[in-house]
Structure formats: C-alpha cells, structure tokens
Amino acid sequence: MEQDSTYVVQAERVITTDTIYYQINKKDLKALYSQAFGEMIDEKSAKEHITLTLTYIPLALIFTILITLVNVRWNRAYKRLKEKEPVVEDSLTEEDRENIKKLDLQYYRVPDRIFFYAIIWVLSAIFDTLMVLNDIFDVPWAAILASVFTITKVITRLVGGSTLMGINDNDLIENYGNYIRKMLVDSIVEKVKNLIKEK
C-alpha cells in the first residue's frame, strides 16, 4: 500500500562510536528531492514566483533612485531657504514662522526616507506573497497601492524642491513667505489651482 508522505531510497549505513551516518547515492538523492518537492515547484508556482520577482525588484530599484534624487533636490532647496532666513527674520509674519516650523519637520536625511519606504515595500511584498501564492489574488495589488502612494509622495517632494530652482536671491528674499508656502505639502494643490486660473 502506497503512502504519499513516504519516500524510499537506498542508503548505506555507516556506524561510528557515537554516530550513525546514512550515505545516499547522488541519483537517489535527486529522486528523493523530486519526490519530496517536485509537486511544489510546478509551472503555476514558478509563474507566481517570477511575477513577484519581476514586480518588486525593478520597482524597488527605480523608487530607491527616484526617492534619493528627489530628496537630495528638496534638501538643497530647503538649505537655500534656511540660509536666507536670518536676512528676512525681522519681516517674517507669525504665519511665516509657523510655516517655517512645518517646513523644518519635512527635512529628512535621505537614508531615513529610503528606510521609511523600505518598510512600506517589505510589508507590501509580504502581503502580495501570501495572497498570490495562496491563490487569493492573481495580481500583486499591494505593489500597485504602494506604487501609487510612493509616486504621490515623490511628486509632492519634487514640486516642493523645484520651487526655488531658477529664482534669484533678491526675489527669494522679497517673497520669502510665499516660497515657504509653496514648499509645503499643499504645493501641488496650489500648482493645480494656478494652472486652472491661467487657462
């Protein structure tokens, strides 16, 4: 009577003073591996693993590069703004000071930002692995949601970092409060409003 969980191969037993060894022929070892794991690695399983691999490895690489470049650009704009703060200290309104505090909270070191997004993508990968390999979803939905979230944050950061590019120091000093507001999170909303007004 056959049992699916029983795998039999020929083995030579070697006994020492305190240990028993079983020597298995290479061909038999391959047969044993095939019996034990052959059903686990079928065409469907391989396709699911390839889907997850081709989803996460390229996206992780692309977003790491994007996040690094965008944050470096934003940090340069932030430092430029902070360098001019002593010059305009006397003319700052209470609203400007509050906005500066908000802006200060948005200054992060690049490794910290990458670590933040790495946590999101690791959690996303775990969720997708469980869902896809257990035949609950065919598509890695968590990767799509993580991509949308990351792209939104990257665009927001890019717009904020681009605010001061091409602006000379005199204009920056004269409109300091205005540029602080533009570098805050709602800068995308303001850009859209301005585009609508211009149309």
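1. The axes of helices H4 and H5 come within 8 Å of each other and cross at roughly 160°. This is a predicted model, and the points below should be read with that in mind. Because angles over 145 degrees count as roughly antiparallel, the two helices H4 and H5 are described as roughly antiparallel to each other. The crossing in which H4 passes H5 is right-handed.

2. Turning to the residues at this crossing, H4 contributes a set that includes Phe 116, Tyr 117, Ile 120 and Trp 121, while the residues they meet in H5 include Ala 146, Ser 147, Phe 149 and Thr 150. Asp 128 is also among the H4 residues of this meeting, and Lys 153 is among those of H5.

3. One ring pair joins the two helices, with Tyr 117 in helix H4 (residues 110-133) and Phe 149 in helix H5 (residues 141-162), so that the pair links distant parts of the chain, 32 residues apart. The ring centres of Tyr 117 and Phe 149 are 6.4 Å apart and their planes stand at 55°, so the pair is classed as tilted. Are the two partners buried or exposed? Tyr 117 has a relative accessibility of 4% and therefore counts as buried, whereas Phe 149, with a relative accessible area of 31%, is partly exposed.

4. Ser 147 belongs to helix H5 and is buried, with a relative accessible area of 11%. If neighbours within four places in sequence are left aside, Ser 147 is in contact with Leu 59, Phe 63 and Trp 121. Two of these contacts, Phe 63 and Trp 121, reappear in a cluster that ring pairs form together with Tyr 56.

5. The count of aromatic pairs in the model comes to seven. In the pair of Trp 74 and Tyr 78, the ring centres are 5.4 Å apart and the planes lie at 15°, so this pair is stacked. Both residues sit in helix H2 (residues 43-84), and because they are four residues apart there, about one helical turn separates Trp 74 from Tyr 78. Trp 74 and Tyr 78 are both buried.

6. Finally, two arginines deserve a look beside the rings. Arg 157 lies over the face of Trp 74, at 3.9 Å from the ring centre, and Trp 74 is the residue that also stacks with Tyr 78. Arg 113, for its part, lies over the face of Tyr 108, at 4.4 Å from the centre of that ring.

How values were computed. Residues are numbered from 1 along each chain as its sequence is written. This is a predicted model: local features need pLDDT of at least 70, side-chain atom pairs count only at pLDDT 80 or more; totals for chains, interfaces and linings use all residues. Side-chain values use heavy atoms; hydrogens and water are left out. Rings of Phe, Tyr and Trp (its six-membered ring) pair if their centres lie within 6.5 Å; planes under 30 degrees apart count as stacked, over 60 as edge-to-face and the rest as tilted. Buried means under 20% relative accessible area, exposed over 50%, partly exposed in between (1.4 Å probe, protein chains only). A charge sits over a ring if NZ of Lys or CZ of Arg is within 6 Å of the ring centre and within 35 degrees of the ring normal. Contact means heavy atoms within 4.5 Å. Axes are lines fitted to C-alpha atoms, for helices over the stretch in contact, and angles run from 0 to 180 degrees between N-to-C directions. Angles under 35 degrees count as roughly parallel, over 145 as roughly antiparallel, 65 to 115 as roughly perpendicular and the rest as oblique. A crossing is left-handed if the near helix is turned anticlockwise from the far one by less than a right angle, and right-handed if clockwise.
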